[in-house]
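Trainee: Before we discuss the model, could we agree that every term I use will be set against the rule behind it? I would like to ask how each name is earned, and what you would conclude from it.

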Amino acid sequence: MQDNPILFNGIFIGDRIIELAHKLAYYTKVHIGGEIPMIERDYPFTRQLECVACALGAKRKLLYSSYKKLQGEGIILEDNGLDQFNPASIQSELEEEGIKTSIIPFFDGEYAAIESAGKVFQLEGRAEKFLKKYIKDREKIVQNSELFPLSVVVLLGIMNPETYEGYLFLEVPNSASDKHLLQALGANNVTKEMMTDEEIHLDGLQRIYNLDNLERAKPDVIILTGEARIGQNAIRAQIAKNPKLIEQVPALAKQQIVSLPHYCLAKIYRYPEIFNQWKMELSYCFNTV
């Protein structure tokens, strides 16, 4: 039986807060994030207000005006322990403006953050129940670096919700999905063969504009995360440029193209369920190669 949802008339600043609060059935009217792609799909009834970098910098006035319109009861800040782009850094400024604030620290590990959130939300019972379940789910995860020795390319598609314009990213070696999913399951991230000089963002994302060098990577499996349509269109365009690609890339020849949920460190509380989905699909691909 699920807990009754509670609505907080205020603002969360930080993706980890909205993720953890969701597990406790605690929701907010306005959220400021930036790490989880297309987070508006996960929380359609929460207004997504800019990104953390904007709210801490050039668009600070938008934060204050939105809070005033809400007639909010407070702002809850993520403390990520970083020197830059740390929502907790503006706590004193907010309180000088008469805004009640609370902080949830995430730099002491995900277990401690659950306990802190329970206190801040005044939901200690729910937090304790979720902590027990989360620990149990984490303990069930069996990592095996030799389980599925497949070559994999991971493509993240992001779509602008207003213009429907798409953006394509590689999830590069040592990205969150590589370290916590592919390596843990014995798969080899071969996107290094496709990398360019573009900047690496967040947990290991590099924007690309085509799938040139896919034939060099020769993946056994192509994983599409986020908006799968963006990756699908890129594959179609690349095959149109080079029809022989179907023969050169095992994933295309054997139709081993799968859509799976994107993983980043801000989604730590979804890790067990995402891990199991990736494991199930890689198992299927491995058994059909």
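**Terms tested against their rules**

Mentor: Let us begin with the second largest pocket, where the lining residues fall into eight nonpolar, two polar and seven charged. Please keep in mind throughout that this is a predicted model.

Trainee: How much space lies in the second largest pocket, and which residues are the closest to its centre?

Mentor: The space comes to about 420 Å³, and among the 17 residues of the lining the closest to the centre are His 22, Lys 23, Leu 24, Phe 130 and Lys 133. Two or more lining residues come from each of α1, α6 (124–140) and α12 (271–288), with α6 supplying the largest share, six residues. Lys 23 and Lys 133 belong among the charged residues because Lys is counted in that class.

Trainee: What makes up the lining of the largest pocket, by class and by element?

Mentor: The largest pocket holds about 1500 Å³ of space and is lined by 47 residues, which divide into 26 nonpolar, 11 polar and 10 charged. Nearest its centre lie Gly 33, Gly 34, Glu 35, Ile 36 and Leu 202; the two glycines there are classed as polar because the rule places Gly in that group. At least two lining residues each come from α1 (15–23), β2 (26–33), β3, α2 (52–56), β6 (151–159), β7 (166–171) and β9 (200–201), and β3 gives the most, with four.

Trainee: What is Glu 35 in contact with, once its neighbours within four places in sequence are left aside?

Mentor: Glu 35, which sits in the loop between β2 and β3, is in contact with Asp 15, Arg 16, Glu 78, Leu 202, Cys 264 and Ala 266; each of these is called a contact because heavy atoms come within 4.5 Å. For a distant pair, take Gln 238, which is 203 residues from Glu 35 in sequence and 29 Å from it in space, C-alpha to C-alpha. Its contact Leu 202 lies in the loop between β9 and β10 (205–208) and, although not a glycine, has a positive phi of about 45 degrees. Another such residue is Asn 174, with a phi near 70 degrees, in the loop between β7 and α7 (176–185).

Trainee: Why are β4 and β5 called a pair?

Mentor: Five bridges join β4 (residues 75–79) to β5, and the pairing rule is met because it asks for at least two. The two strands run parallel, and Glu 78 stands opposite Ile 104 in β5. Helix α5 (residues 110–120) lies across both strands, at about 165 degrees to β5, on a scale of N-to-C directions that runs from 0 to 180 degrees.

Trainee: What is the order of the five strands in the open sheet, and which strands stand at its edges?

Mentor: The order is β3-β2-β1-β4-β5, with parallel pairing. At the edges are β3 (47–51) and β5 (101–105), each having a single partner strand, so one side of each lacks a neighbour in the sheet. On average, neighbouring strands are turned by 30 degrees against each other, direction ignored.

Trainee: How do you know that Arg 126 and Asp 3 form a salt bridge?

Mentor: Their closest N and O atoms are 3.8 Å apart, and the pair therefore qualifies under a limit of 4 Å. Arg 126 lies in helix α6 and Asp 3 in the segment before β1 (6–13), so this contact ties together parts that are 123 residues apart in sequence. In the whole structure, 16 salt bridges are found.

Trainee: What makes a space a cavity rather than a pocket, and how many cavities of 30 Å³ or more are counted?

Mentor: A cavity is a space where a 1.4 Å probe fits but cannot get out, whereas a pocket is open. The count is one, and the largest cavity has a volume of about 30 Å³. Its lining consists of Ile 32, Leu 49, Glu 50, Ala 55, Lys 59, Leu 62 and Leu 63, with β3 and α3 (60–70) each giving two or more of these. By class there are five nonpolar, no polar and two charged residues; Glu 50 and Lys 59 are the charged ones, because Glu and Lys both fall in that class.

Definitions and conventions: Residues are numbered from 1 along each chain as its sequence is written. This is a predicted model: local features need pLDDT of at least 70, side-chain atom pairs count only at pLDDT 80 or more; totals for chains, interfaces and linings use all residues. Side-chain values use heavy atoms; hydrogens and water are left out. On a 1 Å grid over the protein atoms alone, a cavity is a set of points where a 1.4 Å probe fits but cannot get out, and a pocket is an open set with protein on both sides within 12 Å along at least five of seven lines; lining residues have an atom within 4 Å of a point. Grid points are joined across faces, edges and corners, and a volume is the space filled by probe spheres set on the points. A salt bridge is a side-chain nitrogen of Lys or Arg within 4 Å of a carboxyl oxygen of Asp or Glu.
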